[in-house]
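These are my notebook entries on a protein model. I looked up cavities, pockets, aromatic pairs and a few single residues.

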Amino acid sequence: MVKYKQFNNGLRLVVNKMEGMLSVSIGVLVKTGSMNETIENNGISHFIEHVMFKGTENRTAFEISDHIDRIGAQINAFTSKELTCYYTKSTKDHAQKSLEILSDIFFNSKFIKEELEKEKGVIIEEINMSEDSPEDVCLDLLSQSYFGNNGLGQTILGSQKNIKKFSKADIEEYMDKYYTADNVVISVAGNVDIDNIFTLVEEYFANKFNRFKSAKQATTVIPNPQHLYKTKKIEQTHISFAMKGLSVKDKEIDALAIANIIFGGGMSSRLFQKIREELGLAYSVYSYASQYKDNGILEIYAGVNTLQRDLAVNAILEQVKQFKKERITEQEFERGKAQIKSAFIMGQESTASQMLIYAKSLALLDKEFDFNERINRIEKVSISDVCSIIDKTFDLTTLSTATVGSKRSPLKI
């Protein structure tokens with residue numbers, strides 16, 4: 001049973017009562033991320049996510065963790081391009097305590113200067129760790145090559161320069177814009193009393209907001225295709241490609257999901273079988289679709305021997321051309337459809353997965369998620385629908401690329 005509520009100040013709540021489950025997952029989603037940042041404050045969404053846990057008016061940083069550990073629960077957060085999420089997972093008898101702790105960090109964080117300075121060091125090490133992962137660097141560079149230097153093209157972590165200069169005033173200015181009642185979704189999934197959750201959320205969240213109207217969400221203007229590279233003294237060369245995809249609003253996203261699985265979404269995919277199994281050009285090679293509120297891209301990645309870089313590039317691009325020309329077989333279609341359908345069904349067995357699915361639908365689509373409707377939509381996808389979306393998205397005229405390695409040149413396209 002799923003019930004929704006919108007409070008008078010714009011705060012939205014969805015509760016998915018999952019009979020028989022022993023855990024409860026609670027998420028507080030703020031509809032903001034690196035998408036809403038400027039070049040000057042890039043990284044602040046992620047910075048705020050970190051420092052929310054560094055002490056409140058009621059708890060020290062240690063006590064936040066300690067009080068969660070005392071009830072055997074988990075607390076964490078993540079930042080993406082468009083969303084920031086604070087969440088807990090607990091047994092059903094500790095749902096109220098979890099909500100209270102989430103409320104405490106959300107409304108009562110003090111942002112003490114000493115704690116901010118310490119956390120800057122932590123985040124800088126996170127940036128350093130990401131820089132030590134050429135795959136991460138390559139895919140961040142790919143976003144920049146496709147979307148440009150603003151909006152979706154920016155990294156989530158931001159730059160060390162930006163992190164070092166952030167202050168409490170910067171945090172409060174950004175939160176005044178986006179940490180508003182109308183820009184927040186609370187999602188609860190598990191075996192809970194729905195009426196009780198409604199009452200608790202009203203007490204712990206709805207009645208505590210003093211920010212109500214969000215600033216306008218940023219939009220991304222896609223520039224001309226770019227071919228970017230970054231040099232690093234590493235053994236492999238990491239290559240990636242981006243083509244036009246779909247947004248979360250597009251009705252064809254299930255057809256694209258099936259197409260991607262067939263092309264490069266797993267070990268039985270054409271890309272994996274050709275590039276790794278047949279040609280032996282890469283250990284890691286895959287494709288995936290990234291969907292945002294108003295944009296989307298189809299991405300391909302491979303880590304290859306530097307001396308075989310251009311050979312691998314040509315082989316991957318040839319696979320794209322063949323995929324568009326040859327279309328797909330009935331067997332491939334049925335296999336792909338079964339995979340995405342089973343993924344949604346298996347997600348029904350996880351309170352954390354259900355919490356996020358329902359929350360993201362409200363936050364990004366302003367729509368109540370209907371599981372049965374989504375399964376029916378997947379069932380109705382035909383092989384001709386998938387062939388049509390292949391024509392629309394596997395388009396090399398929209399191609400942007402990124403490469404990271406010791407070779408000082410962009411990919412030869």
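**Entry 1: the largest cavity**

I began with the largest cavity, and its volume came out at about 40 Å³. I noted that the model is a predicted one. I then asked how many cavities of 30 Å³ or more a search of the whole structure finds. The search returned one.

Next I listed the residues that line the largest cavity: Met35, Glu82, Leu152, Thr219, Thr220, Tyr292, Lys293, Asp294 and Asn295. I sorted this lining by class and obtained three nonpolar, three polar and three charged residues.

**Entry 2: Thr220**

I chose Thr220 from the cavity lining for a separate look. Where does Thr220 lie? I found Thr220 in the loop between α8 (194–204) and β7 (227–231).

Is Thr220 buried or exposed? The relative accessible area of Thr220 is 14%. Buried means under 20%, so Thr220 counts as buried.

I then checked what surrounds this residue. Setting aside neighbours within four places in sequence, I recorded contacts of Thr220 with Met35, Phe147, Gly151, Leu152 and Asn295. For Leu152 I also noted a distance: a polar atom of the Thr220 side chain lies 3.3 Å from the backbone nitrogen of Leu152. Met35, Leu152 and Asn295 also appear in the lining of the largest cavity.

**Entry 3: the largest pocket**

I turned to the pockets. The largest pocket has a volume of about 1300 Å³. I found that 40 residues line the largest pocket, and that Val248, Ile253, Gln291, Lys360 and Arg374 are the closest to its centre.

Which element gives the most to the lining of the largest pocket? I recorded α13, with seven residues. The elements that each supply at least two residues to this lining are α9 (253–264), β9 (282–291), α12 (330–347), α13 (351–365) and α14 (371–380). By class, I noted 19 nonpolar, eight polar and 13 charged residues in the lining of the largest pocket.

**Entry 4: the second largest pocket**

I recorded a volume of about 850 Å³ for the second largest pocket. Its lining holds 35 residues, of which Asp140, Gln154, Thr155, Ile156 and Leu157 are the closest to its centre. Two or more lining residues come from each of α1 (44–51), β4 (74–79), α4 (113–131), α5 (134–147), β9 and β10 (296–305). Here α5 gives the most, with seven residues. I sorted the lining of the second largest pocket into twelve nonpolar, 15 polar and eight charged residues.

**Entry 5: aromatic pairs**

How many aromatic pairs does a search of the whole structure find? I recorded 19.

I looked up the pair of Phe47 and Phe166 in detail. The ring centres of Phe47 and Phe166 are 5.4 Å apart and the planes stand at 45°, so I entered the pair as tilted. Phe47 is in helix α1 and Phe166 in the loop between α6 (160–165) and α7 (168–178), so this pair links distant parts of the chain, 119 residues apart. I found both Phe47 and Phe166 to be buried.

I then took the pair of Phe53 and Tyr86, also tilted, with 6.3 Å from centre to centre and 40° between the planes. Phe53 lies in the loop between α1 and α2 (61–70) and Tyr86 in strand β5 (residues 84–91), so the pair ties together parts that are 33 residues apart in sequence. Phe53 is buried, at a relative accessible area of 17%. Tyr86 is likewise buried, at 1%. Both residues belong to one aromatic cluster, together with Phe106, Phe107, Tyr179, Phe205 and Phe209.

**Entry 6: helix α2**

Which residues of α2 are buried? I listed Ala61, Ile64, Asp66, His67 and Ile68. Among the elements that cover these buried residues are β4, β5 and α3 (95–108). Just after α2, I noted that Gly72 has a positive phi of about 70°.

**Entry 7: Arg12**

My last residue was Arg12, in strand β2 (residues 12–17). Its relative accessible area is 11%, so I entered Arg12 as buried. A polar atom of the Arg12 side chain lies 3.1 Å from the backbone oxygen of Leu362. Beyond neighbours within four places in sequence, the contacts of Arg12 include Asp182, Val184, Val185, Ile186, Leu362, Ala363 and Asp366.

Definitions and conventions
Residues are numbered from 1 along each chain as its sequence is written. This is a predicted model: local features need pLDDT of at least 70, side-chain atom pairs count only at pLDDT 80 or more; totals for chains, interfaces and linings use all residues. Side-chain values use heavy atoms; hydrogens and water are left out. Helices (H or I, at least four residues) and strands (E, at least two) are DSSP runs, numbered from the N terminus. Buried means under 20% relative accessible area, exposed over 50%, partly exposed in between (1.4 Å probe, protein chains only). A polar contact is a pair of N or O atoms within 3.5 Å; within protein, one must be able to donate a hydrogen and the other to accept it, and residues adjacent in sequence count only if both atoms are side-chain atoms. Contact means heavy atoms within 4.5 Å. On a 1 Å grid over the protein atoms alone, a cavity is a set of points where a 1.4 Å probe fits but cannot get out, and a pocket is an open set with protein on both sides within 12 Å along at least five of seven lines; lining residues have an atom within 4 Å of a point. Grid points are joined across faces, edges and corners, and a volume is the space filled by probe spheres set on the points. Ala, Val, Leu, Ile, Met, Phe, Trp, Tyr, Cys and Pro count as nonpolar, Asp, Glu, Lys and Arg as charged, and the others, Gly among them, as polar. Rings of Phe, Tyr and Trp (its six-membered ring) pair if their centres lie within 6.5 Å; planes under 30 degrees apart count as stacked, over 60 as edge-to-face and the rest as tilted.
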